[in-house]
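Got your viewer open? Let's take a short walk through this one, stop by stop.

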Amino acid sequence: GGTGNVGIETTAPAVKVDVAGSLATYTTGTEDVVHLTRGYNGGVSWAQVAAFKVGTYNNSGACCGPQTRLDINLKANADTKLTGDTNVMTLQSNGNVGIGTTNPLTLLHIRSCASTDAEAKIDVTSGSNKSILGLSNNGTDYGQLYFDNSNNSVSLLQEYASGNLYLGTNSTTNVTIKSGGNVGIGTTSPTAVLDVAGAASVGGQFTFRSGSGAIQTTEIGRA
C-alpha cells in the first residue's frame with residue numbers, strides 16, 4: 001500500500017516491521033518471534049544470539065483478558081543454532097518484570113541461578129553524589145536508603161513528618177524511632193529520648209544527663 005511497512009506472516013503490516021506468530025493458545029509459555037544473530041569470526045569474536053519470545057503467563061483462558069508475556073533470551077554457547085538460549089528478562093502486561101525468572105510475582109522480581117547470590121546494585125560514578133534507593137507513594141517521597149559519597153556514610157531516612165521508622169527481626173518490631181526523635185527498644189511507644197522495655201545490660205560507663213548536670217553509673221552508690 002506504499003507505506004513502506006514490512007510484514008512477516010501478515011499481509012497488512014501496521015508498523016515498519018510487523019511479525020505475526022501462530023494463533024494464541026490458552027497454555028502458558030512463549031514462542032520465538034525474532035532472533036538476532038552474529039556469526040563466529042575466527043580469532044576475533046564468538047557467535048552471539050538474542051531471542052525475543054512472545055506468549056502468555058496465565059492459562060486461565062480468554063475470560064481474563066490479554067495477559068501478554070515477553071521473554072528476552074541470550075545464548076552463551078559459541079554457535080548460532082536457535083536452541084540452548086537462556087532467559088535473562090521477562091516482562092508481563094501487568095507490569096511485573098523478572099530478572100532470572102519467567103514468573104515475576106512483583107513489579108521487580110530478581111532470582112539468582114543456583115549457588116549464586118541475588119544482588120541488585122545502585123552505583124554512583126564519583127564525586128559527592130549519592131547512591132539512593134527511594135520509597136515513594138503516588139509520586140511523593142517518604143523514605144530513602146542511600147550512600148553519601150561526600151562523607152562515606154550510609155543513611156536510612158523516614159521523610160514523612162508524622163511517620164516513624166521501625167527496625168525488627170522475625171516479623172517483630174524491636175526498635176522504634178518516632179518522628180519526634182524518641183527511640184524505643186522493646187516498645188513501639190517510647191515516651192522518652194530512650195525508652196527501654198525490659199532488662200538492659202550496660203558493659204561500660206552509663207551517663208544520665210539533666211540540664212547542665214550529669215550522673216555516671218560509676219558514681220551510683222557512693223557516699
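Which residue in strand 10 does glycine 134 stand opposite? Select glycine 134 and look across: the residue there is glutamine 144. Before moving on, note that this is a predicted model, where local features need pLDDT of at least 70, side-chain atom pairs count only at pLDDT 80 or more, and totals for chains, interfaces and linings use all residues. Numbering starts from 1 along each chain as its sequence is written, and side-chain values use heavy atoms, with hydrogens and water left out.

Now show strands 9 and 10 (strands are DSSP E runs of at least two residues, numbered from the N terminus). Eight bridges join these antiparallel strands; two strands pair if DSSP finds at least two bridges between them. Add strand 11 and you have an open antiparallel sheet in the order 9-10-11. Strand 9 (130-137) and strand 11 are the edges, each with a single partner strand, so one side of each has no neighbour in the sheet.

Next, pick tyrosine 142 and tyrosine 160. They form an edge-to-face aromatic pair, 5.1 Å centre to centre with 65 degrees between the planes (ring centres of Phe, Tyr or Trp, its six-membered ring, within 6.5 Å; planes over 60 degrees apart for edge-to-face). Tyrosine 142 is partly exposed at 29% relative accessibility, and tyrosine 160 is partly exposed at 44%.

Last stop: threonine 56, in strand 4 (residues 48-56). Threonine 56 is buried at 14% relative accessible area (buried is under 20%, exposed over 50%, partly exposed in between, with a 1.4 Å probe and protein chains only). A polar atom of its side chain lies 3.1 Å from the backbone oxygen of glutamine 67.

Terms used
Helices (H or I, at least four residues) and strands (E, at least two) are DSSP runs, numbered from the N terminus. A polar contact is a pair of N or O atoms within 3.5 Å; within protein, one must be able to donate a hydrogen and the other to accept it, and residues adjacent in sequence count only if both atoms are side-chain atoms. Rings of Phe, Tyr and Trp (its six-membered ring) pair if their centres lie within 6.5 Å; planes under 30 degrees apart count as stacked, over 60 as edge-to-face and the rest as tilted.
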